[in-house]
Amino acid sequence: MSRISTRAVARTGVSLAALTAALAVSAPALAQEREVEELVVTGFRASLAGAVEVKRAETAIVDVIKAEDIADFPDNNLAESIQRIPGVAIDREAGEGRSISVRGLGPDFTRVRLNGIEALATTGGPDSGAGTNRGRGFDFNIFASELFQSITVRKTQAAEVEEGSLGATVDLQTSRPFDYKDFTFAASAQMGYNELAKEYDPRVAFLVSDTWLDGRLGALVSVAYTKRNVREEGYNSTRWDNGPSVQGFCSPVGVTPQNRPNSTAIGATAANCATGVPRPAATPENIAAYQLASAATTFHPRLPAYSRNDYENDRLGVTAAIQFKPTDRTNVNLDILLAKLDTVRQDTGLSAISFSRDSTVGGKPQTHVLAAEVDENGQLVYGRFDNVDFRTSSTYSDISTEFTQWTLSVDHEFNDRFRVSLVAGRAFSDFDNPIQTHVTFERQNVDGFSFDYRDNARMPEMVLGFDPADPAQWAVTPAGTANALLTEVRLRPQGVENVLETGRVDFAFDAFDGLTFKWGAALKKYDFFTYEQRRQNQTDSVTSLPAGVTLASLSSTLSGFGSGLPAGAPGRWIVPNVEAFAQAYNIYCNCNGPAPGGAADDPDDFRLTGPTNGDARRLNQVINEDDLSLYGQASFRFDNLFGRTLRGDLGARYVETELMAQGYQSRNSGTLVTVVNKYNDLLPSVNLAYDVRDDLVLRFGAAKVMARPTLTSLNPGGSTTTSNRSNPSANLGNPFLKPFRATTYDVSAEWYFAPESLLSFAFFYKDISTYIQNLRIDDIPFSQGPLAGQEATIVPSNYDGTELWDFTTFINTPGGPLKGFEIAYQQPFTFLPERFGLPEWTGNFGALLNYTRVKSEISYATSTAGTAYVKNDLLNLSKSSYNATLYYEDERLSARVSAAYRDGYLTRIPGQNNNDVEGKNETFNVDVSVSYAINDNFSLTFEGLNLTDEYNDRYVDSVRNSPSTYIHSGRQYYAGVRYRF
């Protein structure tokens, strides 16, 4: 018997064709090897072998990842582990995986179960990324990977599996004491280093487990702690807009039509753009540049800016498990999981702000275009300007997410044929962002500003026209700046709570060998609450400096900017010091200003309001869902169907969903609107697995599936504009939406051609019959809108019901087909020495490869009546993705290198600011892991993450692909030691 120690994974670009040819040659030899000797494997290779066996034994189409050792998951982040599974792609934030998409379906379509019950974990992020999670998607970055023992991704639906997914159901399982024999202890300690933040951070974990009473009672505790300092640097345009937007640029003298038209309010005349702002001279160069930049087909960045985000993350996770087996027929399991992620984030930026502001605040109508160059797609790739306003900003955020979950399960066998399983549990996620403070300084009317994309399409070289590191160049209240926003203080505390409570009972009866009837019921209660408060006078500026305070004392100097970025970025600039500003102006007093007796409309009003204040209304929302489900299923096995085995299940699940949604309308300074809705679904399903040969399995699955509407779309709150009775409008959600619904078909072939090896192909087709999108619908009575029946709450009393409204709301659309395929291959290369005469050590290599291709044709409504459609990709769908891993493992050394690629994908349709779409470009990430076993107990470890230093590259417009965010977080390294007893 040979023993092979394995603990490594890696990703490589070896072609599937070449590998298939090699394994076809080696398969007979490996089959013979299987007959003559037993292979005992450990570490990562053992985890791969175990995952293959689980996949093979399942009836449905399932993929599994197992811990390679005690409290030792293959990756630093759960999302980064899941992306190794065919069909799974992840979205990273601050250099770490946050959310997943499965077979082109984004986070809202994937259900996650933790220790057997559904859970939802929520974190926050910068607005330039995914922002705060107010949806049904699961944020994986809350949890340390060391806490988990296995991940199972169920890609086909069975009646016994709870509803709620169009993409997949992901099961996360923490460790339990009966997973180990006798007393077990493991610990690890690492020190991490981020090359951009230039910080050293600790990462520690341990697990202890034991059993008593002859193995009938066991207890386990595991703890994992990580501190991580991360820095992001790059460029942000906050989208692009066209020439005529926000009233257009200032026209040269004598150009017709004159822009801005004569106006005493702003001082616009034939000679001046505004009071004290002369128009540019009527030279041929100025006129040509102005006309080119002002065309409706020319697009420019709205807020071209350099940005830096600093994160300080503290992540703590604790699991506890008790298992008790009072009799041979009864098992009791109690699982407890606690997780806490604390983040302090400091976001800073240096931006030219004129291009997104209208004449009421100076802005674009006061800006002179002196030179312009446009590419073939209408993108302003070079521009030089005078009279440009600048802003330096700091945003300080104190963020905390606490997650707690308990699950109690009891399994009992009444006899050899009849058994029951009882499960109860509660998962609670509390995201709290009590401080989110944004402070700005401004520099008015700068001449000589330019941006240039001609040498770098993603990040321009910008000439600012002044020294941003000189405090004298900035002001709190610059002189002579009528009609301009000055220093702003924005206060936006916010939070999100998710509570999921579940009770479930499942019965199973073995009618005879090969046929089992299963039935059961589940009750689930889901409560969602989100809020945001804002400063009473959100956009008012502070009007003066307190006595004895200077701008220099309210600011700091940002330095060392530009590591790894193209040349030309300033290395230093002044930024507001939020802490100093808070002390000087007492901005957290929640009062109407630091001066006693301030008026209610005092610009220094720092009171907080919630749903009565502007956009904050839409972010105050409650959703309560009560779900009842019943199911029946027959699981069967025929061992001699044409001489081979057929396994399968056939059943149906019935689901009732009762919904209560609350939100705030703008009427009467915030009117609470409550809506109740109810719908039901019958979801049949079938799964078949046929063993064509001992090493070849064919699978088929078909099911009707549903996913409940996104939470923001259900909000009955919003805003109404009724000042013009002839054209009232409303922007609101729609709690009467039908859920996403689809019929799915899956076919796969799995060839287990050698021990621990697999070559598989899967084809999937999803007919999405009900989809949800946002749309503006014009000129319909309120009684035909999304909140029909709420007239008494929303519509003014003097309206008679004949008025025609314009609604911006969410509607159900026909959806469309989604189809694709997956190819996966994994194999240890133990055949290389014997088959090809290579050195013995070459047999310690192995590989995992997978490739996924997805296509969708979703119908998006384009007409205001919702009757005309355009076909485009599903949001968050990457057409191609792949993962490749090459590993080496012997008795001492373990090494792996892994690569993950994901095509670009859409994030918004239609886009904002006259752009057709918004999206994110392709990513390619490489990670490496190495460990060396000093003895049976101690190992040295090293990991390198994000070795390609991949950029978060977001864009607007499907043709121009104009950069919206282009930011990177640097490479991350860990080195340490691991102990196992």
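These exercises walk through parts of the structure above, each with a worked solution.

This is a predicted model, in which local features need pLDDT of at least 70, side-chain atom pairs count only at pLDDT 80 or more, and totals for chains, interfaces and linings use all residues. Residues are numbered from 1 along each chain as its sequence is written, and side-chain values use heavy atoms, with hydrogens and water left out.

**Exercise 1. Place Arg 391, and find its side-chain partner.**

Step 1. Find the element. Arg 391 lies in strand β21, residues 388–413. Helices (H or I, at least four residues) and strands (E, at least two) are DSSP runs, numbered from the N terminus.

Step 2. Check the cover. Arg 391 has a relative accessible area of 11%, so Arg 391 is buried. Buried means under 20%, exposed over 50%, and partly exposed in between (1.4 Å probe, protein chains only).

Step 3. Look for polar partners. The side chains of Arg 391 and Glu 488 make a polar contact of 3.1 Å. A polar contact is a pair of N or O atoms within 3.5 Å; within protein, one must be able to donate a hydrogen and the other to accept it, and residues adjacent in sequence count only if both atoms are side-chain atoms.

Step 4. List contacts, meaning heavy atoms within 4.5 Å. Neighbours within four places in sequence are left aside; the contacts of Arg 391 then include Gly 349, Arg 357, Phe 441, Trp 474 and Arg 490.

**Exercise 2. Describe the surroundings of Gln 494.**

Step 1. Gln 494 belongs to strand β26, residues 494–512. Its relative accessible area is 4%, so Gln 494 is buried.

Step 2. Take the polar contacts in turn. The side chain of Gln 494 meets that of Arg 134 at 2.6 Å. A second polar contact, of 3.4 Å, joins the side chains of Gln 494 and Thr 132.

Step 3. Leave aside neighbours within four places in sequence. Among the contacts of Gln 494 are then Phe 431, Pro 434, Tyr 531 and Glu 532.

Step 4. Compare sequence with space. Gln 494 and Arg 534 are 40 residues apart in sequence, and their C-alpha atoms are 8.9 Å apart.

**Exercise 3. Work out the strand order of an open sheet, and find its edges.**

Step 1. Recall the principle. Strands of a sheet pair through backbone hydrogen bonds, either parallel or antiparallel. Here, two strands pair if DSSP finds at least two bridges between them.

Step 2. Read the order. Five strands line up as β3-β8-β9-β6-β7 in an open sheet with mixed pairing.

Step 3. Find the edges. β3 (62–66) and β7 (117–118) each have a single partner strand, so one side of each has no neighbour in the sheet.

Step 4. Inspect one pair. β6 (residues 110–114) and β9 (residues 168–174) run parallel, joined by five bridges. Thr 110 has Ala 168 in β9 as its bridge partner.

**Exercise 4. Trace the partners of strand β32.**

Step 1. Start with β27 (residues 515–532). It runs antiparallel to β32 (residues 621–641), with 16 bridges between them. Gly 520 is opposite Tyr 631 in β32.

Step 2. Move to β33 (residues 644–665). β32 and β33 are antiparallel too, over 19 bridges. Gln 621 faces Gly 663 in β33.

Step 3. Look at the turn. The hairpin of β32 and β33 has two residues between the strands, and Phe 642 takes a positive phi near 55 degrees there.

**Exercise 5. Describe helix α5 from its start to its end.**

Step 1. Begin at the start. A side-chain oxygen of Asn 577 comes within 3.1 Å of the backbone nitrogen of Glu 579.

Step 2. Pick out the buried residues. In α5 (residues 578–585), these include Val 578, Phe 581 and Tyr 585.

Step 3. Name the cover. The elements over the buried residues of α5 include β18 (330–352), β22 (418–446) and β30 (573–576).

Step 4. Pass the end. Just after α5, Asn 586 has a positive phi of about 55 degrees.

**Exercise 6. Is Ser 894 buried or exposed, and which side chain does it contact?**

Step 1. Locate the residue. Ser 894 is in strand β46, residues 893–902.

Step 2. Use the area. The relative accessible area of Ser 894 is 3%, so Ser 894 is buried.

Step 3. Find the partner. The side chains of Ser 894 and Glu 889 share a polar contact of 3.4 Å.
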